[in-house]
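Trainee: Could we walk through this model together, one question at a time?
Mentor: Gladly; have a look at it and then ask away.

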Amino acid sequence: MITLVLFLVLSFNVSAKDDLTNGEGRFVSRDGDSLTFIKKQLLYASVRDIISKELSKLGHSSELFWAKYNEKFDTYFSAIKENLDKSYGITTEDTVLSGKKKERYDNALRTKKLTIKARYGKLQKIMSSYSVKKMSRSPQFPNSRYMNIQAKVNRKVLNEMFYEFTRGGIKRMYKNLFVTVDFSMREMSWQDLGVELESDFTSVLKEHWKRWFEDKFKGKINNVIITSSSEEEKLESHLKMLSEASTQLNNISNLEGDLQRDQERAIISVDDELKDSLWMKVKVNVRKISEDQTFKKRTFDFGGEYLLFDLKSNRLASHYDFISEEATFSTEKDLSSNSASLVYRLPVAKWEGLVRDISHFPLGRKSFRVDVVGASSVRQIDEVEKYLSSIGLTHSLKVEIDSFNRDRAQLRVFFKGSSEDLKGTLLRTKGLEVDNQKTIFFQNEENPFLINLVDKDGSTQIMKENGQG
C-alpha cells in the first residue's frame, strides 16, 4: 500500500513538473531605473519566451504572432508618442532636439514605451500560476539583468490570444512558393539508403512535398515550384539586394540614403515571378549510426530544418528545426521507401500550422545584416539576440538568426528609427557578458555591424591594445 501511495505521489510530481514551462528574460537597465520597473521588464521578457515556446507546441507560428502583436502595439502607441512629441515641440519629422532636451525626450519615450508594452495585450493572463526561480545581475556589467520563471500555462487562453492578434486584416495571396531541398549525408552513401542514384530518393520526396503544398495551400498560392540551381541563384541574389546594405556601412551617416537606394534598385529589378512569392528552403540531415550484418538491419538518425522567406518583405517568416528521429530498417525490404516516408513526415506537422498563418504574414520593415564572430555555441548567439531585442525594444527591433557556421553567425535585424539610433543600440551591448564565457566587443565602433565575442579574460587586454581601455 505504501509503495502504491509513493508511486502515485511521484507520478503526480512528474506530471505536474512536465506541465510547467520555463521562461527566460533578459533586460539591460539604465542608471535611474527603479527595481519595480526592472522586474516588470524581466517578467514581460520571460512571459514572451514562454509564449513563443508554447505557440510552437500548439503548432502556431510565434513569428507571425509577435509580428502582429508588434504591429498592433505600434498602432496603439502612435497616438501616445504623438502627444509626447508635441509636449517636446516636435511637430515634424525634421524637428531636431539638441543637448539635454533630446536626452530627456529619449528617456521619456523609452520609459513610457517599455512601461506600456509590458502591460499591452495582458500577456500574463496565459499563465494560471508562476514562480520566479532566479533573478540576477552580472557582476561585470551590473545593468545586465536576468530572470527565470516557471509557469503553468492555460493553453486555451493562449490559443484564443493567438487568433485575437492574428485574425483580420488584409489577407495575402502569393504567386509562387519556391521549394529548395538540400540533403546532407554523414558517414554514409546513397547506397546505404537502398538507392543507386541520389535522384532516385530525392526526386520522389520532392514531388510528394510539392503535391502536399499544392493540396494544402490551394487558394493561397498559385504555383509550387521545385527550384533549379539557376532559380536558387536568382532567389539568393534577391535576398541579398535588401539585406546586405549593412555591409557597406563604413560611413554610418549615409545609412538611410544607401538603404533607400538599395531597396529601390531591388524593387525595380525583381522579376514578376518573385513578386508576392515565398521561398521554402529545406535542409535534410541523414547520418548512419550502425549496421547489423547478422540481422541485416541498418540504423539512421534523421533531422534537419526549414527556413521560409517572404520575398516581398524580405524577411524570415518561419523557421523550424526538425525533431531528430532515430530509426532502424531492414536492409532486405523497402529500405528506400521506409526511410523516404520518415523524412517526408519530419516537417509536415509543422507545415500544417503554416496553412493557417501564411495569409496573414505581415510586410516587414527594413532589414540589416549583423555578423557575430567568435561564438562557440548557439546559446551564445541566442543571448546576443536577446540582448539586442531588449535594448532595441523602443525601436521595435527584432532579430532573426539567418545562419550559424562554426564561430560565425549572420543575424537579420529589423529596426525602426534613425541610423544613429541603430548604431547606438548596437554599441550599447559593448561589454555585456555572454554565457558566462564571452564578452561583446567592437573592433570598429564606427561600423558596429560586426560584433566580436571575445573570452572574458582577454577582453581587457584587447581593449587596451585598441586604445579603448
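What follows is a conversation about a predicted model, going from the whole chain to single residues.

Trainee: Let's begin broadly. What percentage of the residues in the protein chain is buried?
Mentor: The protein chain is built with 13 helices and 15 strands. Among contacts with a separation of 6 or more, 71% are made by residues 24 or more positions apart. Of the 469 residues in the protein chain, the buried share is 47%.

Trainee: Now the largest nonpolar core: which element gives the most to it?
Mentor: That core has 80 residues, and Trp209, Phe213, Met280 and Trp351 are the ones touching the most other members. The element that gives the most to this core, with nine residues, is α2.

Trainee: Which residues is Trp351 in contact with, leaving aside its neighbours within four places in sequence?
Mentor: Trp351 is itself among the residues of the largest core that touch the most other members. Outside its sequence neighbours, the contacts of Trp351 are Trp209, Trp212, Phe213, Met280, Val282 and Tyr306.

Trainee: And how many residues are in the other core that lies apart from it?
Mentor: That other core is separate from the largest one, and Leu388, Ile391, Leu397 and Phe415 are among its members. Its residue count is 25.

Trainee: Let's turn to α5. How far apart are its end C-alpha atoms?
Mentor: Helix α5 covers residues 155-166, which makes 12 residues. At 1.5 Å a residue, the expected span is 16 Å. The model agrees with this, since the end C-alpha atoms of α5 are separated by 16 Å.

Trainee: Within what arc do the buried residues of α5 fall?
Mentor: The buried residues of α5 are Leu158, Met161, Phe162, Phe165 and Thr166. Viewed down the helix axis they line one face of α5, because they fall within an arc of 115°. The general rule fits nicely here: an α-helix has 3.6 residues a turn, so residues three or four places apart point the same way. The arc for α5, then, is one of 115°.

Trainee: Which elements do those buried residues of α5 pack against?
Mentor: We have just seen that the buried residues, Phe162 and Phe165 among them, line one face of the helix. The partners of the buried residues of α5 are α2 (35-57), α3 (62-87), β3 (144-153) and α10 (348-357).

Trainee: At the start of α5, which residue's backbone nitrogen does a side-chain oxygen of Asn154 reach?
Mentor: Helix α5 comprises residues 155-166, and the contact is found at its start. The side-chain oxygen of Asn154 comes to within 3.1 Å of a backbone nitrogen, that of Lys156.

Trainee: β3 came up as a partner. How many bridges join β2 to β3?
Mentor: β3 is mostly covered, with nine of its 10 residues buried. On one hand, β3 pairs with β1 (residues 20-28) in the antiparallel sense. On the other, β2 (residues 127-137) and β3 make a hairpin with six residues between them. β2 and β3 run antiparallel, and the number of bridges joining them is nine.

Trainee: Which residue of β3 stands opposite Leu20?
Mentor: Strand β1 takes in residues 20-28 and pairs with β3. From β2, Met127 stands opposite Val153, while Ser129 faces Lys152. The β3 residue opposite Leu20 is Lys152.

Trainee: Now the loop between β13 and β14. Is Asn436 buried or exposed?
Mentor: Asp435 and Asn436 each lie in that loop. Asp435 has phi near 60°, and Asn436 also has phi near 60°. Asp435 counts as buried at 14% relative accessibility, because the cut-off is under 20%. With a relative accessible area of 59%, over the 50% cut-off, Asn436 is exposed.

Trainee: Last one: how far apart in space are Gly194 and Asp334, C-alpha to C-alpha?
Mentor: Gly194 is in the loop between β4 (174-186) and α6 (198-216), and it is partly exposed at 47% relative accessibility. Beyond its sequence neighbours within four places, Gly194 is in contact with Leu335 and Ser336. Gly194 and Asp334 are 140 residues apart in sequence, yet their C-alpha separation is 8.1 Å.

How values were computed: Residues numbered from 1 in each chain as written. Predicted model: local features only at pLDDT ≥ 70, side-chain atom pairs only at ≥ 80, totals over all residues. Heavy atoms only, no water. Helix = DSSP H or I, 4+ residues; strand = E, 2+ residues; numbered from the N terminus. Expected span 1.5 Å × (residues − 1). Buried < 20%, exposed > 50% of the residue type's maximum accessible area, 1.4 Å probe, protein only. Arc of directions from axis to C-beta. Contact = heavy atoms within 4.5 Å. Polar contact = N/O pair within 3.5 Å; in protein donor to acceptor, adjacent residues only side chain to side chain. Pairing = 2+ DSSP bridges. Core = buried A, V, L, I, M, F, W, Y, C linked by side-chain atoms within 4.5 Å.
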